[in-house]
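Let's walk through how two chains meet here, and then look at what sits in the cores.

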Amino acid sequence: MYQRERERERERDYREEMARSTGKDAQALFHSLRSAYAATPTTLKIIDLYMGFAVFTALIQVVYMAIVGSFPFNSFLSGVLSCVGTAILAVCLRIQVNKDNKEFKDLPPERAFADFVLCNLVLHLVIMNFLG
Amino acid sequence: MARSPLRFLVLILAISICHAAGIFHPISDSHRSAALDLFKPVDGSFASLEEAYEALRTFEVLGIEKTAELSKAICKSVLGTLESSSSTPKDLFHALGVNGILKCSSKEETFEDQTSKTDLHLSDAEGTFRSIKALSQSDGRWRYSSNNPESSTFAAGIALEALSGVVSLASSEIDQFMIGAVKNDIVKLFDSIEKYDDGTFYFDEKLVNMREQQGPLATTSSVVRGLTAFSSVITESLNLPGDKILGIAKFFLGIGIPGDTKNFFDQVDLLACLENNRQVKVNTVLGSHAPPLTVTLVRAFSSSARDNSIIENQELKFDPQDAVYFLDDLPASFDVGEYIFVFKMLVQDSEQQTVYATGTLTQVPIYVTGLIKIENAKIAVLDSDLGSVETQKKLDLAGESTVSVSANHLQKLRLSFQMSTPLGNAFKPHQAFLRLRHETKVEHTFVVGSSGKKFEITLDFLGLVEKFFYLSGRYDIQLTVGDAVMENSLLREIGYVELDLPEPPENASRPPPQPVDPYTRYGPKAEITHIFRAPEKRPPEELSLAFLVLTILPLFGFIIGLLRLGVNLKNFPTSAVPATFAVIFHLGIAAVLLLYVLFWLKLDLFTTLKTLCFLGVFLMVVGHRTLSHLASASAKLKSA
C-alpha cells in the first residue's frame, strides 16, 4: 500500500517535469526564432511588415462581411483580393531580393522591385475596375 | 302575272342593263361625260400637241362639241409648230393631225415648205416600203429598228400605219407582191392574238424586257390602227377572221370607262377605226343603228336543267320605234328561276354580210323573278314525350305583328310554313334560317328543312340545353327566307320565346365572349403599377464607417512598424539629376494611384486606359533611369 502511493507520487513528478520541459522547449524555440529573425536584413523585414499589413487588412474585411452580409459581393471580392494579391507580390519580391536564394543570384534587386511596382499597378487597375 | 315576263326581254337588247358576263355595253353618255372630265385643258390649252391631238380625236369620235376658245388656242400652237423650222417629226405629225380635225386656216405655202423639209423622202417610195418591211419578223411582229433585235406587236402596228402612209402617198409605185407579203404578215400577227375566256381577244407583248412596256390596250389599239390604215389604202379587202375582230371589240367595250387619258384615247380611237370599217355587232360599238337583222332565240333553258329547252327557235320581232327586238309571246310555263337564253343574229341583207361581223351564238343568263307565296305559317310549343301541342300560334309573316311563347327544357319548339311559286310549283330558297338571340347577345342559327312545299323546323330543347350554354331567359326569334329570284324575301323578327333551362353544372362550357364595342378597344386601359425590385438591405451607416476606420488602421500600424525598424532614406540619390528622376518616379507612381481613384469615382475605363498609357510609358522611362542609377551605385559599392 505504501509502495503504490510512492509509485503514484513518482508518476506525478514525472508528468510535471514533462510539462515543464515542454513549456521550456516551446519558449526556447520561440526565443531561437526571434533571434534568428533579428538577423535578417532590414529590407526583408520591411517586406515582411508590408505583407503582415496586407493580410491584416484582408482579415478585417472578411470580418466585416461576416457581420453585414456579402451584398455587393464584387466589392468584397475586389477588396480582399487586392490585399491578398499585393501580399503575394510582396512574397515574390522577397524571394527575388533575398541574397541567400541561389536561384535569383543574377537578378538585380532593382529589377525585382520594378516588377513588383508594375504588377501592383496592373493589379490595382483591375481591382478598381471590379470595385464598382 | 303570266304576261309580265314578256316585256323584260325588251330590256336586254336595247342597252343591256343585265348584270351578267358576256354583255358588253356600247359607248354611251357616261363615256362622253367621262371624256369631258379627263381631257380637261389646263389654262385654256393642252400641255403638248400630243395631248391636244388625243383630246380632239376623242371629242370628234364621241361627238362632243369643243369650245371656241379652246379651238383658237390650239390652232395658234399648231400654226406655230408648223411654221417653225425646228419642230421634230413627231410634233409635226401631231400638229397635222390636229389641223385635220380643227381645220385651222393657214397659208398653203407653209405646208409645202414643211413637207419638203420633213424626213419623208417620197422619191424612193419603194425603197422606204422595203426598208420598213425588212424590219418585220416571221411571227408577224416588227422590230423597232435595224439595230435593235427586240420585236414587239406595238411596233407592228406602227409599221403598218407607216406602210399605209407610204402607199397612200405613192401608191402606183408599190409592187403588188410586196402588199401581198404584208398581208401574210398580218395573218401571222393574228395568230399571236390572245384571248380571255369570255370571248374577248387582245394583243399583248410576249417579252417583258422592253424598256417601255406597252399594255394590251395600247398594243391592240396600235395594231388595229395600223390594220385599218392599211386596209383603207389597198385595193382588195383584207380577210380578217370576223370572230377575232368581234373579240377585240368586246375587249375594248369590256373595259368600261378607263381613267387614264391615254387609255381612253386608245379605246375610243380603236372603236372609231372598227366603226369606220363597219365590223361590229347588234348595236355598233359606238351606239349607231344596226342594219336590218333577224334575231333568233335559238334556245332557252333553265340553268338547272340544261337539256330541256323550254323555247326553241323563236324569231324576235323588230319594233322600229324603239329599235329593239322583242319576243312576242312567252309560254305560260315560265316559272320564276334562273334561265339561259341563247341568241343568234343574222344580217338580212346578203350584201352587207361581208361588211358586218356578228357573233355566232350569244348566251345570256336571265333571272325571272316573282312573288313567292308564303302561307300557313305557325309556331307551336310541343311536349316532348307525347308530342301534343301545348300552345300554337299563327304567324303573319307578311305583316308586322310578333308573337310570344314560353317553353321549358322538356318541350320542343316547332315553326312551319309553306312556300310556292306563282305557278304553284315547289320552291326551294337559297336561304331559310331561324335564329334565336338571347338577351346577352348570344346567337344560335338553325336551317329550316323542307320537303316539297312544306318547310318545318323543330327545336328539341332537351338536346339543345348544352348548346345554349344553359342560358335561360328571353330569346328573340328571327326568320330569314331569301333567294335571288324571290321578290319578297324576308328577314323578320317574329317574336320571342321565354326559355326556362336548368342550372348549369360545374363543368359546363361558358358562352363565347361577345364582340366588344370596337370603340372601347382604343380607350384608356387599366393603369399598370410597376413593382420594382426591393433594394437589398444595407448595413447601418455607423457600422460601415467604423469598419472603414478599422481598415485604415493597419496602414498606420505599417508605418509605425517601419519607423521602429529604423528605415531611412540614406540611399536616396543626392546629386541633382538622379534626385530629380527619383522624385519624378515617386510622383509618377502617386499620379497613377490618383488616376485609379479618379477612375473609381467618375472616370470610365477608356479614358483611364488612355491616360494610363501615357503615364505608364512616362513612368517606365523615369523608373528605368532611377533604378538603373541605383543599381549602378550599388554595383560600384560592391566592387569597391
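## Where the chains meet

Across the interface of chain B and chain A, the rule turns up zero salt bridges (a side-chain nitrogen of Lys or Arg within 4 Å of a carboxyl oxygen of Asp or Glu). This is a predicted model, where local features need pLDDT of at least 70, side-chain atom pairs count only at pLDDT 80 or more, and totals for chains, interfaces and linings use all residues. Residues are numbered from 1 along each chain as its sequence is written, chains are lettered from A in the order in which they are written, and side-chain values use heavy atoms, leaving out hydrogens and water.

On the chain B side, the elements giving two or more residues to the contact with chain A are α15 (541-565), α16 (576-601) and α17 (605-639), helices being DSSP runs of H or I, at least four residues, numbered from the N terminus. The top contributor is α15(B), with 11 residues. Sorted by class, that side has 26 nonpolar, five polar and two charged residues.

## The cores

The largest nonpolar core (buried Ala, Val, Leu, Ile, Met, Phe, Trp, Tyr and Cys joined through side-chain atoms within 4.5 Å; buried is under 20% relative accessible area, 1.4 Å probe, protein chains only) has 43 residues. B:Leu415 is among those with the most contacts inside it, and its neighbours include B:Leu434, B:Phe455, B:Leu479 and B:Ile494 (touching means heavy atoms within 4.5 Å).

A second, separate core of 15 residues includes A:Leu131 together with B:Phe585, B:Tyr596 and B:Val622.

Definitions and conventions: Nonpolar A, V, L, I, M, F, W, Y, C, P; charged D, E, K, R; others polar. Buried < 20%, exposed > 50% of the residue type's maximum accessible area, 1.4 Å probe, protein only. Lists of a residue's contacts leave out its neighbours within four places in sequence.
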